[in-house]
Structure formats: structure tokens, C-alpha cells
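Let's take a walk through this protein together. Keep the structure open beside you and turn it as you read.

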Amino acid sequence: MEGRRWASLAFIVFNGVSALIQVPIASRLIERYDPKWVLGGGLLLLGAGDFWMASIPIGHQSVTPLIAPLVVAGAGVAFVLSAVTAVVINTVPHNLAGMAAGWTSLLRDFGFTLGPAVVGAIALSRAAHEISDKVASDPALGQALDTFNASAATAPEAQRETVEGAIAAVNSGPLGANAVPGTVTLPDGSTVPFNPLKDTAFEALGNAYSLGYLIVGLCAIAAAVVTVVLIKGDRPDAPVTTEPADA
């Protein structure tokens, strides 16, 4: 429960900064400057926040190290969301502005759905490969995993179903391997080893999600360069017509 509370605080910081900046600051900058500069600057802030979060070790159990990079990334999101529609509208003829705004909203929502799925898949795949490589290169860990996988056969009848569920979770992938505790407490109060992959999975997930942040940061920087270099700030005012030109 404590972890969920801190995770909620992190999301509040991220979204709160976005809300505080988007209306009073970003909207005024868009009115005063070419929106492509606001969009490019927002993407740079987003990339900086991602790089910063990628550098934070997963071993930190406090949300405090995340506050500053979340503020930076949240500010970047605020500028991006405010400027992207203005940039698109300013680069098409007036009579296509409505269509451009609609497509922008569609693609933005598509990105919000596809982006986390792709980055998450890359991170989990990387973590799974790291765990497999660690097990293959460490005979002691491999032996411990084999013993754990066979432990259901010798478990007490009342606990066999629970042990079988834990074995299935550990072998399901990095998230399951990290969720099952590394030790269990016996009725007499003593502690015995249980999940041999707990620490390995925890470290692998940390490395994998750092890679995910790096990928997102690089994409944000690349998008900022494309925005500033390739997007023109002046909207063409000439009407678009499909009528054939006079001979």
C-alpha cells in the first residue's frame, strides 16, 4: 500500500506540472512565438526528463529522486500538447485546419496507446533475455531455480497449490519473477529462501526500464530536431481546389 501511495504521488507531480504550465504559460508562448519553437522546446524538456529518469538506479525506494525529472518531463508534455495542434494548423491551408486538428487528436491518442505498449514490450523482452543469460551463466543460480521448480512435489499438501502458483509466476516472465518474494517466513518464525530469481529479476527490470527511458528520450530529441528544422512556421493561405486549371 505504501508503494502505491508513492507511485500515485509521482503521477500527481507529473500531471500537476502539466496542468499548471499548459494554460497560463504554454498558451501565451504560442501566441507570442512561432509554435514550432514551443513544440521543439517541449520535446527537448521531455527528452531531458527521460534521460534523467534513466540514470536513477532502481534500488532507490523513495520517490524523492524522481520529483525533479518528473517536473521537467511534465513541463515538456505541457508544451508539446499545447503546441502540437497549433503547429499542424499553421502548416496547412485555412480550409484544411479542421481536418488537421482532427488528425492531430487521433494520432496523439494513438501514440498514447501504442507508445507505452511498444516501449514496455522492448523493456520486458530485454529483461527476459538478461534473466535467461544470468541463469545460463551462473550454475548455482540455475541449480537453485531447478530446485525451486521441483519444490511443489515436496511441499505440504495444504501449501502445494500456493507453491505451484508461485512457480508458475516466477517462470512466466520478469514481472512474475519479481513479484514472488525471495524468502518466506515459516510458522516457527524462521526465514528460508524461496524465489531464487527475485534479485535477478529486480535488477533486470531496472536495466530494461532504463533502456525504455533512453529510447523515449532519443525519440523526443529526434522529434525536436525534425520539428525545428523541417516544419515551416507560416501557414499557406492559398485555397486548395480540386477543379482543373484553365487550359
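Start on the outside, with Met99, Trp103, Leu106 and Leu107: these residues make up a nonpolar patch on the surface. Together, they have about 460 Å² of accessible area. If you want to find the patch, look for helix α4, which covers residues 97-137 and contains Met99. Keep in mind that you're looking at a predicted model, not an experimental one.

Now zoom out. The protein has eight helices and two strands. Reading from the N terminus, the order is α-α-α-α-α-α-α-β-β-α, with the two strands sitting just before the final helix. The accessible surface of the whole protein adds up to about 14800 Å², and carbon and sulfur atoms account for 66% of that. Of the 247 residues, 30% are buried. And if you take the contacts with a separation of 6 or more, 69% of them involve residues 24 or more positions apart.

Time to go inside. The largest nonpolar core has 20 residues, and the ones with the most contacts inside it are Ile131, Val135, Leu145, Phe148, Val170 and Leu197. Where do the residues of this core come from? Helices α4, α5 (139-149), α6 (157-170) and α8 (198-230) each chip in at least two. There's also a second, separate core of 15 residues, with Leu43, Phe79, Val80 and Ala86 among them.

Back to the 20-residue core for a look at Val170. Leaving out residues up to four places away in sequence, Val170 touches Leu145, Phe148, Gly176, Ala177, Val180, Asn195 and Leu197.

One of those contacts, Phe148, is worth a stop. With a relative accessible area of just 4%, Phe148 is under the 20% cut-off, so it counts as buried. Phe148 also forms an aromatic pair with Phe194, and the count for the protein is one such pair. The two rings sit 5.1 Å apart, centre to centre, with 85° between their planes, which is an edge-to-face arrangement. Why is this pair interesting for the fold? Phe148 lies in helix α5, while Phe194 is in the loop between β2 (191-193) and α8, so the pair ties together parts that are 46 residues apart in sequence.

Finish in helix α8, where you'll find Thr200. Is Thr200 buried or exposed? Its relative accessibility is 14%, so Thr200 counts as buried. Setting aside neighbours within four places in sequence, Thr200 is in contact with Ile131, Lys134 and Leu141.

Key: Residues are numbered from 1 along each chain as its sequence is written. This is a predicted model: local features need pLDDT of at least 70, side-chain atom pairs count only at pLDDT 80 or more; totals for chains, interfaces and linings use all residues. Side-chain values use heavy atoms; hydrogens and water are left out. Patches are made of residues with over 30% relative accessible area and no salt bridge: like charges are joined within 9 Å, nonpolar side chains (Val, Leu, Ile, Met, Phe, Trp, Tyr) within 5 Å. Accessible areas come from the Shrake-Rupley method with a 1.4 Å probe; for residues, only the protein chains shown count as cover. A salt bridge is a side-chain nitrogen of Lys or Arg within 4 Å of a carboxyl oxygen of Asp or Glu. Helices (H or I, at least four residues) and strands (E, at least two) are DSSP runs, numbered from the N terminus. Buried means under 20% relative accessible area, exposed over 50%, partly exposed in between (1.4 Å probe, protein chains only). Contact means heavy atoms within 4.5 Å. A nonpolar core is a set of buried Ala, Val, Leu, Ile, Met, Phe, Trp, Tyr and Cys residues joined through side-chain atoms within 4.5 Å. Rings of Phe, Tyr and Trp (its six-membered ring) pair if their centres lie within 6.5 Å; planes under 30 degrees apart count as stacked, over 60 as edge-to-face and the rest as tilted.
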